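Student: Please take one part of this structure and go through it closely. Then show what surrounds it and how the rest is arranged.

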Amino acid sequence: MNKKYLVITTGGTIASAATEKGLAPNMSADELIAFFKPEPEVELSVLDLMAKDSTNMQPEDWILIAQSIQEHSENYDGFIITHGTDTMAYTASALSYLLYGFDKPVVLTGSQIPLGMQYTDAESNLQDALLFIHDTELKGVFIVFNGLAMVGTRAVKTKTQSYDAFESINYPYVARMMHGKVNQLFQPEPETLPLQTNSLSLDTNIFMLKAFPGMTVDIFDYLKTHAHGVIIESFGNGGLPFERRNLLPGIQSLTDAGIPVVITTQILEEGQDISLYEVGQRVVEAGGITAGDMNTEAIVAKLMWVLAYTDDVEKITKLLQTSVAHDMGFV
C-alpha cells in the first residue's frame with residue numbers, strides 16, 4: 001500500500017542562493033522536491049507555504065504551519081517541513097504543542113549549506129527525513145538532521161556551521177539513519193493529554209531575560225505593565241542575586257500581579273536543581289516557577305501556548321511543570 005507524504009516548504013538555507021546581500025531563500029517548492037529520492041511505494045506532494053530566512057519566522061508562522069498540517073491531515077500519512085536552522089528548534093517546539101496529540105509524524109529538516117552547492121548536507125537530510133517518516137511508527141513532531149532524529153521539544157541548535165548543528169538536550173535521540181535504514185534508539189513513553197483544546201492560538205506577549213552580574217532591577221517595573229509572562233535564564237541550578245541588585249522583589253511583584261515568572265538555567269545540560277542552594281530556594285519563595293530540564297526554546301513556545309489557554313497562575317504553573325510532548329522530566 002502506497003504512503004503519501006506532504007512536503008511543506010518554508011524557505012531557509014536549504015532553499016537559498018547567493019544574492020548581493022548574502023544567502024536568501026529563492027528555490028521554488030517544485031525545484032526542492034526534485035531532490036528527494038522516494039521509493040516506488042511513496043507518493044510525495046509539495047506545498048509552497050512561505051520562503052523565509054528562519055530568522056524572520058514568527059509565532060504567526062508557526063500557527064500557519066500547524067493549520068496547514070491540520071487542513072491536510074486526512075490526505076497524508078505524514079509531513080516533512082523544510083525550514084531554516086536558526087529558529088527550527090523554536091518551530092519544532094511550537095508545533096509540538098499546537099499539534100499535541102496529532103497521530104501522524106511531522107518532521108522538520110533543513111541544511112547548513114544550500115541545495116545545489118558543493119558539499120551540501122541538504123540532500124542527505126531530505127532523504128533521512130523521508131526515510132524516518134516512512135519507516136518509523138513514531139507519532140508527533142521531530143527534527144531530523146545529520147542522520148539523527150530527535151524529539152521536537154528537546155532539539156537545540158548548538159553549532160553555526162557544522163553539519164551536526166543540532167543536539168537532543170537532556171533526552172535520548174530517538175533514531176539514527178544509516179545506509180538507508182532507520183535504527184530506532186529510543187521509544188518515548190506515552191503521555192496523558194494535560195488539557196483538551198483544539199485552538200491554534202498563542203499569547204506572544206512574553207519576555208525573556210538572561211541574568212548577568214549587574215542586571216538592573218528596574219526592568220521589572222516595565223515588565224509588570226507590559227508582559228503576560230516572563231522567562232528568566234538564571235545562573236547554574238536556578239540562582240539569582242539577592243544582594244545589592246536584588247532581583248527577588250521584582251519577581252515577587254510580578255507574581256503578586258498574576259504574571260507567571262518561569263525560571264530556567266543558562267546551562268544547556270542536566271537541567272536544574274533549584275532547591276540545592278539558598279540562591280535558588282529564595283527564587284522559589286519569591287514565586288519563581290521552575291522549569292526542570294526543559295530547554296529555552298521549548299519554554300518560550302510552551303509559555304505562549306499555556307497563556308493562550310488560561311491566565312490562572314495556578315493552572316499555568318501546573319501545565320508548565322507537566323511533561324508535554326516529552327519536554328521535561330527525563331533527567
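**A surface patch and its surroundings**

Tutor: L276, Y277 and V279 make a nonpolar surface patch of about 290 Å². A patch takes residues with over 30% relative accessible area and no salt bridge, and joins nonpolar side chains (Val, Leu, Ile, Met, Phe, Trp, Tyr) within 5 Å, or like charges within 9 Å. The areas come from the Shrake-Rupley method with a 1.4 Å probe, and for residues only the protein chains shown count as cover. The model is predicted, so local features need pLDDT of at least 70 and side-chain atom pairs count only at pLDDT 80 or more, while totals for chains, interfaces and linings use all residues. Residues are numbered from 1 along each chain as its sequence is written, and side-chain values use heavy atoms, with hydrogens and water left out.

Of the patch residues, V279 sits in helix α7. Helices (H or I, at least four residues) and strands (E, at least two) are DSSP runs, numbered from the N terminus. V279 is partly exposed because its relative accessibility is 33%, where buried means under 20%, exposed over 50% and partly exposed in between.

Helix α7 covers residues 278-285 and also holds E278 and R282, which lie four residues apart, so about one helical turn separates them. Their side chains form a salt bridge, at 2.9 Å from N to O. The term requires a Lys or Arg side-chain nitrogen within 4 Å of an Asp or Glu carboxyl oxygen. In general, side chains of opposite charge can pair when their charged atoms come close. E278 is partly exposed at 47% relative accessible area, and R282 is partly exposed at 33%.

After α7 the chain enters a loop that leads to β16, and A286 is found in this loop. A286 is buried, with a relative accessible area of 4%. Leaving aside neighbours within four places in sequence, A286 is in contact with L248, I251, Q252 and T255; contact means heavy atoms within 4.5 Å.

The strand that follows the loop, β16 (289-290), is an edge strand, as is β13 (206-210), each pairing on one side only. Both belong to an open sheet of four strands, ordered β13-β14-β15-β16, with parallel pairing. Two strands pair if DSSP finds at least two bridges between them. β16 pairs with β15 (residues 261-265) in the parallel sense over two bridges, and I289 in β16 is the bridge partner of V262. Helix α8 packs on this sheet, touching β13, β14 (229-234) and β15, and its direction makes about 165° with that of β14. Such angles run from 0 to 180 degrees between N-to-C directions, with axes fitted to C-alpha atoms, for helices over the stretch in contact.

Helix α8 (residues 296-309) contains K302, and D327 lies in the segment after α9 (313-320), so their pairing ties together parts 25 residues apart in sequence. This salt bridge spans 2.9 Å from N to O. D327 and K302 are both buried.

Elsewhere there is another sheet. From A286 to V182 the C-alpha distance is 48 Å, with their positions 104 residues apart in sequence. An open sheet of eight strands runs β4-β1-β5-β6-β7-β8-β11-β12, with mixed pairing. Its edge strands are β4 (42-52) and β12 (181-184), which pair on one side only. On average, neighbouring strands here are turned by 25° against each other, direction ignored. Within the sheet, β5 (residues 78-82) and β6 (residues 105-109) run parallel and are joined by four bridges; I80 stands opposite V107 in β6.

Helix α3 (residues 88-98) packs on this sheet and touches β5, β6 and β7 (140-145), at about 160° to the direction of β7. S96 is in α3 and is buried at 6% relative accessible area. Not counting residues up to four places away in sequence, S96 touches V141, G152, T153 and A325.

Helix α4 (residues 122-135) runs at about 170° to β6 and lies across strands including β1 (3-11), β8 (148-151) and β11 (175-178). E123 forms a salt bridge with K37, with the closest N and O atoms 3.4 Å apart. This pair links distant parts of the chain, since E123 is in α4 and K37 is in the loop between α1 (29-33) and β4, 86 residues apart. E123 is partly exposed at 32%, whereas K37 counts as exposed at 52%. The salt-bridge count comes to seven.

Notes
Buried means under 20% relative accessible area, exposed over 50%, partly exposed in between (1.4 Å probe, protein chains only).
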